[in-house]
Amino acid sequence: MTGRTPTEERLRRQRQLAATCRLFARLGFDEGAGGHVTARDPEHPDRFWINPFGMHFGQVRVSDLLLVDSAGAVLEGGGRINPAGYVIHSHVHTARADTVAAAHTHSTYGRAWCTLGRPLSPITQDACAFYEDHAVFDDYTGVVLADDEGKRIAEALGPAKAVILRNHGLLTVGGSVAEAAWWFITMDRSCQVQLLAEAAGSPVPIDHEAAAATRGTIGTPEIARLNFRPLYADIVREQPDLLN
C-alpha cells in the first residue's frame with residue numbers, strides 16, 4: 001500500500017476484485033451462485049469485501065461489492081453474502097495476516113483434480129509455482145457452514161499460497177487481489193494439464209532441485225502481479241462498466 005492513502009488502496013482492491021469476478025466468468029469458473037473472492041479492507045483489517053451472493057460473476061461491478069465485518073454483518077452495499085463464503089474467508093483472513101485476498105470457485109478442472117485427494121506434481125514449469133507451496137484439505141463433510149470447518153481449512157492452508165479442498169475445489173490466497181486471482185487461474189490450468197497428461201500416459205516430473213528453483217522464479221508475488229496485469233487491462237478495456 002506504499003504511497004497510497006487507505007481510500008486509494010481500497011478502490012484499487014475493489015477494482016481488482018470486480019475485474020477478477022469478470023475474468024472468472026470469462027474463464028468459466030462460475031457455477032450458479034457458487035464462488036467467492038474477497039479482499040481485506042486496508043483501513044479495517046478485520047473486515048473484507050466480497051462479491052454478492054447470487055450475482056453472476058460476469059455482472060459484478062465495484063458498486064456491487066459488500067463490506068463484511070468479523071461477525072458476518074454487511075456494513076456497506078446491498079445484498080447478501082454466501083454463508084459458506086463467509087465461513088471460509090473469515091477464517092482464512094483471520095489466520096493469515098499477510099493475506100489481502102482469497103479466491104475460491106467451483107472451477108471444472110479444479111473440481112476434477114481435487115477428487116483425487118493429492119497435490120499437484122511438478123510436471124510443467126507453470127505447476128512448479130505450487131511446488132511444496134500448496135496443501136490438501138483431506139476431509140470433506142459437506143457444504144462449509146460450520147465455523148469449525150472454516151477454521152480447519154485455514155489450518156490446512158497454513159503458510160502456503162493455495163489449498164486443494166478434496167471433493168470441493170481450489171482455494172488460493174495472496175498479498176494482493178492480483179496474486180490470489182492469478183494463482184487461482186494458473187492453478188486451475190495446472191490441474192487441467194495434469195489431468196490430460198495422466199490420461200495420456202505417465203508424466204515425467206521435474207526433479208526437486210529444478211522444481212524448487214523454478215518456484216523461486218515464477219512462484220513469487222511479483223510474478224503473479226505481473227501476470228495479472230495484462231488480464232486486468234484487457235477485461236477493463238472490454239468491460240469498463242465493472243469499474244462503476
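1. Let's start with a pairing between two strands. A39 has W49 as its bridge partner, and W49 sits in β2. Keep in mind as you look around that this is a predicted model.

2. That contact belongs to a wider pairing. Strand β2 covers residues 48-50, and three bridges tie it to β1, with the two strands running antiparallel.

3. β1 also has a partner in β5, which spans residues 101-105. Here four bridges do the joining, and again the arrangement is antiparallel. If you want one pair to find on screen, try H36, whose bridge partner in β5 is H104.

4. Now for β1 itself, residues 36-40. Five of its five residues are buried, so the strand is largely enclosed by the rest of the structure. "Buried" here means under 20% relative accessible area.

5. Which way do the residues of β1 point? H36, T38 and R40 go one way, while V37 and A39 go the other way. All of them are buried, whichever way they point. So A39, the partner of W49, is on the side shared with V37.

6. Next, the cavities. The structure holds two of 30 Å³ or more, and the second largest has a volume of about 30 Å³.

7. What lines that second largest cavity? The residues are D30, G32, A33, G34, G35, N51, M55 and F57. By type, the lining divides into three nonpolar residues, four polar ones and one charged. Glycine counts as polar in this tally, and the lining includes G32, G34 and G35.

Terms used:
Residues are numbered from 1 along each chain as its sequence is written. This is a predicted model: local features need pLDDT of at least 70, side-chain atom pairs count only at pLDDT 80 or more; totals for chains, interfaces and linings use all residues. Side-chain values use heavy atoms; hydrogens and water are left out. On a 1 Å grid over the protein atoms alone, a cavity is a set of points where a 1.4 Å probe fits but cannot get out, and a pocket is an open set with protein on both sides within 12 Å along at least five of seven lines; lining residues have an atom within 4 Å of a point. Grid points are joined across faces, edges and corners, and a volume is the space filled by probe spheres set on the points. Buried means under 20% relative accessible area, exposed over 50%, partly exposed in between (1.4 Å probe, protein chains only). Two strands pair if DSSP finds at least two bridges between them.
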